[in-house]
Every structure is written in C-alpha cells, then in structure tokens.
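Reader: I am beginning to study protein structures and should like to be guided through one by means of questions. May we look at it together?

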Amino acid sequence: MIHYTCDLCGCPISSERYEAKIEVAPVHDPDDISSDDLTADHLQLIADEIEAMESTGEFELEETGAKKLNLDFCGTCAQRFLRSPLNLSPGHRVKFSNN
C-alpha cells in the first residue's frame, strides 16, 4: 500500500489528496540573435569545450532542461497553496515583468 505525506505540513495523507504539478523551464527568444551569434565558429567552440573537459577530467554537463515537480498536499495545505503558491506574506507584492 502506498502512503502519502503532505509536502507542506509533513502530515500523513489519509483520504483527500491533492497534487500540484509544476514545470520550470528556460525560455529562449528565437528573435534575440546578435551578430556575434552569426559570426561565431560554433564547431570550434564545441571542440574547445571538449578539450577543456578532457584536460580537467570533468565531464558533467550543465542541466539546462526543464524541471518538473510533483507535490502532494492534504486538503488544508492545498487551499493554503492555492491562496499563495509562492508562499509570500500578505504584505509582499510580486513583481511581474512587462510582457
């Protein structure tokens, strides 16, 4: 039998379970290309990176892909999460971008 625990309060979830699925991914603007992007020798940059990895022995690549989170909540914490998903205090204002 699978046992669930609330990811906010840590209490065991017995009956009513809520799930939040969150994905955080880098965004690239395809229209944001500079002249350096067009004139760079990308094959040489890749070769230089591989050579640096071989000389240092470090072959770990940066994780730049999307990250997915699955959170489990009890009923009380699900309501709390919906009221304030970023867990901000009531006086704190979120700064939205101008897009």
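**Questions on a predicted model**

Author: Ile 46 is partly exposed, as its relative accessible area is 48%. Please bear in mind that this is a predicted model.

Reader: In which helix does Ile 46 lie?

Author: The chain has 3 helices and 4 strands. The helix that holds Ile 46 covers residues 42-56. Ile 46 therefore belongs to a helix and is partly exposed, at 48%. The element asked for is helix 2.

Reader: Which residues form a nonpolar patch on the surface with Ile 46?

Author: A residue in such a patch must have over 30% relative accessible area. Ile 46 has 48%. The patch has about 320 Å² of accessible area in total, and the partners of Ile 46 in it are Leu 43 and Ile 50.

Reader: How far apart are the end C-alpha atoms of helix 2?

Author: Helix 2 has 15 residues, and a rise of 1.5 Å a residue leads one to expect a span of 21 Å. The expected span uses one less than the number of residues. The model agrees with the expectation, because the end C-alpha atoms are separated by 21 Å.

Reader: Which residue follows helix 2, with a positive phi?

Author: Helix 2 runs over residues 42-56. The phi of the residue after helix 2 is near 80°, and that residue is Gly 57.

Reader: In what pattern do the helices and strands follow one another along the sequence?

Author: There are 4 strands and 3 helices to place in order. Read along the sequence, they give the pattern β-β-β-α-α-β-α.

Reader: Is Asp 72 buried or exposed?

Author: Asp 72 is found in strand 4, which covers residues 67-73. A residue counts as buried when its relative accessible area is under 20%. Asp 72 has 14%, so the answer is buried.

Reader: With which residue does Asp 72 form a salt bridge?

Author: Side chains of opposite charge can pair when their charged atoms come close. In the salt bridge of Asp 72, the closest N and O atoms are 2.7 Å apart. This is within the limit of 4 Å for a salt bridge, and the partner of Asp 72 is Arg 17.

Reader: How many residues apart are Arg 17 and Asp 72?

Author: The salt bridge joins Arg 17 to Asp 72. This pair links distant parts of the chain: Arg 17 is in the loop between strand 2 and strand 3, whereas Asp 72 is in strand 4, and the separation is 55 residues.

Reader: What share of the contacts between residues at least 6 apart in sequence joins residues at least 24 apart?

Author: Asp 72 has contacts with residues beyond its sequence neighbours, among them Tyr 4, Ile 13 and Tyr 18. For the chain, among contacts between residues at least 6 apart, the share joining residues at least 24 apart is 79%.

Reader: Which residue forms a salt bridge with Glu 19?

Author: The structure holds 2 salt bridges. In the one with Glu 19, the closest N and O atoms are 3.8 Å apart. Glu 19 is partly exposed at 45%, while its partner is exposed at 64%. That partner is Lys 21.

Key
Residues are numbered from 1 along each chain as its sequence is written. This is a predicted model: local features need pLDDT of at least 70, side-chain atom pairs count only at pLDDT 80 or more; totals for chains, interfaces and linings use all residues. Side-chain values use heavy atoms; hydrogens and water are left out. Helices (H or I, at least four residues) and strands (E, at least two) are DSSP runs, numbered from the N terminus. Buried means under 20% relative accessible area, exposed over 50%, partly exposed in between (1.4 Å probe, protein chains only). Contact means heavy atoms within 4.5 Å. Patches are made of residues with over 30% relative accessible area and no salt bridge: like charges are joined within 9 Å, nonpolar side chains (Val, Leu, Ile, Met, Phe, Trp, Tyr) within 5 Å. Accessible areas come from the Shrake-Rupley method with a 1.4 Å probe; for residues, only the protein chains shown count as cover. A salt bridge is a side-chain nitrogen of Lys or Arg within 4 Å of a carboxyl oxygen of Asp or Glu. Lists of a residue's contacts leave out its neighbours within four places in sequence.
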